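Trainee: Could you take a close look at one part of this protein with me, and then show me how the whole chain is built around that part?

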Amino acid sequence: MSKTPEKAPSMGLYETILQLKDLDECFRFFQDLCTVAELRAMEQRFDVAVLLDEGMIYNDILDKTGASSATISRVNRALHYGADGYQDVFARRHAAAEAQEGTA
C-alpha cells in the first residue's frame with residue numbers, strides 16, 4: 001500500500017491537449033512533454049488498439065508491432081472493459097473515413 005494519498009487527476013493536461021490546434025502542434029507538444037520511450041510506448045499501444053479494432057489476432061499484432069503479449073492483452077482489456085476512450089476515438093475515425101469515402 002502506498003504511503004502517499006491518492007491524488008485526483010490534474011485536468012490541466014487534458015484541457016491543454018484539447019486546445020492544440022493541429023497535428024504539428026500536437027506532435028511538438030508531446031515531444032516536449034514525454035520521453036522518447038514514453039511516446040514509443042503510447043504509439044505502440046495505440047497501434048495495437050487499432051489492429052485489435054480491425055480484428056487482427058494476437059500473434060499477427062505481435063509480429064507487426066513488436067508489442068509483448070502482455071501489452072496486447074492490456075490494450076484488449078481496455079478496449080472491452082475500459083473507460084470507452086478507444087471506442088469514442090475509433091467511432092470518430094470510422095465516421096471520418098466513411099465521410100471521406102463518400103466525397104471521393
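Mentor: Happy to; we start with one loop residue and then step back to the whole chain. This is a predicted model, in which local features need pLDDT of at least 70, side-chain atom pairs count only at pLDDT 80 or more, and totals for chains, interfaces and linings use all residues. Residues are numbered from 1 along each chain as its sequence is written, and side-chain values use heavy atoms, with hydrogens and water left out.

Our residue is Glu54, found in the loop that links helix H3 (36–53) to helix H4 (58–65). Helices here are DSSP runs of H or I with at least four residues, strands are runs of E with at least two, and both are numbered from the N terminus. Glu54 has a relative accessible area of 58%, so it counts as exposed (over 50%; buried means under 20%, and partly exposed lies in between, with a 1.4 Å probe and protein chains only). Leu33 sits 21 residues from Glu54 along the chain, and their C-alpha atoms are 30 Å apart.

Now for the wider view. The protein chain has 6 helices and 0 strands, so its elements read α-α-α-α-α-α from the N terminus on. Of its 104 residues, 15% are buried. Along the principal axes, the C-alpha atoms of the protein chain fill a box of roughly 55 × 35 × 25 Å. Among the contacts (heavy atoms within 4.5 Å) with a separation of 6 or more, 34% join residues 24 or more positions apart.
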